[in-house]
Amino acid sequence: MSTHYYFSWFNNFFPEKLVKSLHEDITDRQSLVMISADPSNYEDEQVNLDDITEWAWLNQANLKFDEYHFIDYRMQKEDAQRVIQNASVIFLCGGYPALQHDFLEDYELTDVIKKSNAVILGASAGALNMAAKWLNLGNTADEIETSTIYDGIGFGHFAYESHSQRNYATFVQGYLFPLSEEMDVYAAEQESAMRVKDGVIETMGPIYLIAHSKIQKLAETL
């Protein structure tokens with residue numbers, strides 16, 4: 001069973017505890033594959049890794065790989081599937097979760113990722129798409145708030161929420177409560193991480209479990 005990390009967002013770099021955990025879990029460092037959450041947004045044909053925040057986090061943590069691949073619409077679908085099949089680590093990047101969700105479907109990557117034995121990392125939008133379900137809040141032209149439930153890759157039977165503008169004060173308002181009647185929801189503030197390894201969930205930083213419309217802060221175990 002592979003190991004999965006769900007990150008909210010880190011404004012600087014990975015905390016030391018998280019770096020230690022990642023070094024223990026990522027022993028095969030042959031190939032890192034990162035998947036964009038804004039796959040049409042590029043100007044150059046070449047990918048510049050220095051522009052990718054998630055790569056900077058790994059680099060700062062001294063997690064270096066023999067090969068690096070960044071998947072967006074610049075890469076052909078068949079090549080994207082191939083590099084994922086050969087990946088040591090797959091990192092679903094932050095950005096726009098719905099765009100990433102549609103890109104994974106368009107390139108038929110969901111099943112390829114799910115079958116992989118790689119360590120899977122997701123940040124913000126990427127972490128949402130790793131979960132079984134996630135909630136997309138939006139506004140119509142008339143400023144009416146709408147919510148759409150998306151199916152994620154579904155490594156575990158739970159939903160995940162992370163957004164730079166949302167924290168405990170917004171979680172308790174109850175917009176995730178209907179979904180929490182269907183499955184557990186892990187709602188993460190910034191600077192947090194969740195590791196799922198062999199079915200065991202461990203957390204670091206401010207993360208809340210919402211189940212059957214009740215919310216509780218989780219003790220740090222990572």
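# Notebook: burial, rings and cores

I began with one pair of aromatic residues, and found that Phe103 and Tyr107 are both buried. I note at once that the model I am reading is a predicted one.

**Entry 1, ring pairs.** I looked up the aromatic pairs and found that the structure holds 19 of them. For Phe103 and Tyr107 the ring centres lie 4.7 Å apart and the planes stand at 40 degrees, so I entered the pair as tilted. For Phe7 and Phe14 the centres are 5.1 Å apart and the planes are at 50 degrees, so this pair is tilted as well; Phe7 and Phe14 are both buried. Following the ring pairs onward from Phe7 and Phe14, I arrived at a cluster that also takes in Tyr5, Trp9, Phe10, Trp57 and Phe91.

**Entry 2, helix α4.** Phe103 belongs to α4, which spans residues 97-106, and there I listed Pro97, Gln100, His101, Phe103 and Leu104 as the buried residues. Their directions cover an arc of only 165 degrees around the axis, which is why I place them on the same side of α4. I set beside this the rule that an α-helix has 3.6 residues a turn, so residues three or four places apart point the same way. After α4 comes Glu108, for which I read a positive phi, near 55 degrees.

**Entry 3, helix α2.** I then turned to Trp57 of the ring cluster, and found this residue among the buried ones of α2 (residues 53-60), together with Glu54, Trp55 and Leu58. Down the axis of α2 the buried residues fall within an arc of 155 degrees, so I recorded them as lining one face of the helix. When I asked what covers these residues, I found that the cover includes the strands β2 (31-37), β3 (67-71), β4 (89-95) and β5. Asn62, which follows α2, has a positive phi, near 60 degrees.

**Entry 4, the nonpolar cores.** The largest nonpolar core has 36 residues, and the members that touch the most others are Ile35, Ile71 and Ile113. Apart from this core lies another, of 27 residues, in which I noted Tyr5, Leu22, Ala61 and Phe91 among the members. I looked more closely at Ile71, and, with residues up to four places away in sequence set aside, I found that Ile71 touches Val33, Met34, Ile35, Ser36, Ala80, Val83, Ile84, Phe103 and Leu109. In soluble globular proteins, nonpolar side chains tend to be buried together.

**Entry 5, Ile153.** Which residues does Ile153 contact, leaving aside neighbours within four places in sequence? I found Leu92, Leu104, Thr110, Ile113, Lys114, Asn129, Met130 and Ala131. Ile153 sits in the loop between β7 (145-151) and β8 (159-162), and its relative accessibility is 4%, so I count this residue as buried, the cut-off being under 20%. I also took one distance, from Ile153 to Ala56, which are 97 residues apart in sequence and 25 Å apart in space, C-alpha to C-alpha.

**Entry 6, Thr3.** In the segment before β1 (4-7) I looked up Thr3, which counts as buried at 8% relative accessibility. Beyond its neighbours within four places in sequence, Thr3 is in contact with Asp25, Ala118, Val119, Ile120, Arg195, Val196 and Lys197.

**Entry 7, two serines with positive phi.** Ser124 is a residue other than glycine with a positive phi, near 55 degrees, and I located Ser124 in the loop between β5 (119-123) and α6 (125-130). Ser213 likewise is not a glycine and has a positive phi, of about 65 degrees; its place is in the loop between β12 (207-211) and β13 (214-217). Are these two serines buried or exposed, or partly so? Ser124 has a relative accessible area of 17% and is buried, whereas Ser213, at 28% relative accessibility, counts as partly exposed.

**Entry 8, the whole chain.** I closed with the overall values, beginning with the 8 helices and 13 strands of the protein. A compact globule of 222 residues would have a radius of gyration near 17 Å, and the protein agrees with this, as its own value is 17 Å. Along the principal axes, the C-alpha atoms fill a box of roughly 45 × 40 × 30 Å. Of the 222 residues, 51% count as buried. I put the accessible surface at about 10800 Å², with 43% of this belonging to carbon and sulfur atoms. Among contacts with a separation of 6 or more, 70% come from residues 24 or more positions apart.

Key. Residues are numbered from 1 along each chain as its sequence is written. This is a predicted model: local features need pLDDT of at least 70, side-chain atom pairs count only at pLDDT 80 or more; totals for chains, interfaces and linings use all residues. Side-chain values use heavy atoms; hydrogens and water are left out. A nonpolar core is a set of buried Ala, Val, Leu, Ile, Met, Phe, Trp, Tyr and Cys residues joined through side-chain atoms within 4.5 Å. Buried means under 20% relative accessible area, exposed over 50%, partly exposed in between (1.4 Å probe, protein chains only). Contact means heavy atoms within 4.5 Å. Helices (H or I, at least four residues) and strands (E, at least two) are DSSP runs, numbered from the N terminus. The arc is that of the directions from the helix axis to the C-beta atoms. Rings of Phe, Tyr and Trp (its six-membered ring) pair if their centres lie within 6.5 Å; planes under 30 degrees apart count as stacked, over 60 as edge-to-face and the rest as tilted. The radius of gyration is taken over C-alpha atoms; the globule rule is 2.2 Å times the number of residues to the power 0.38. Accessible areas come from the Shrake-Rupley method with a 1.4 Å probe; for residues, only the protein chains shown count as cover.
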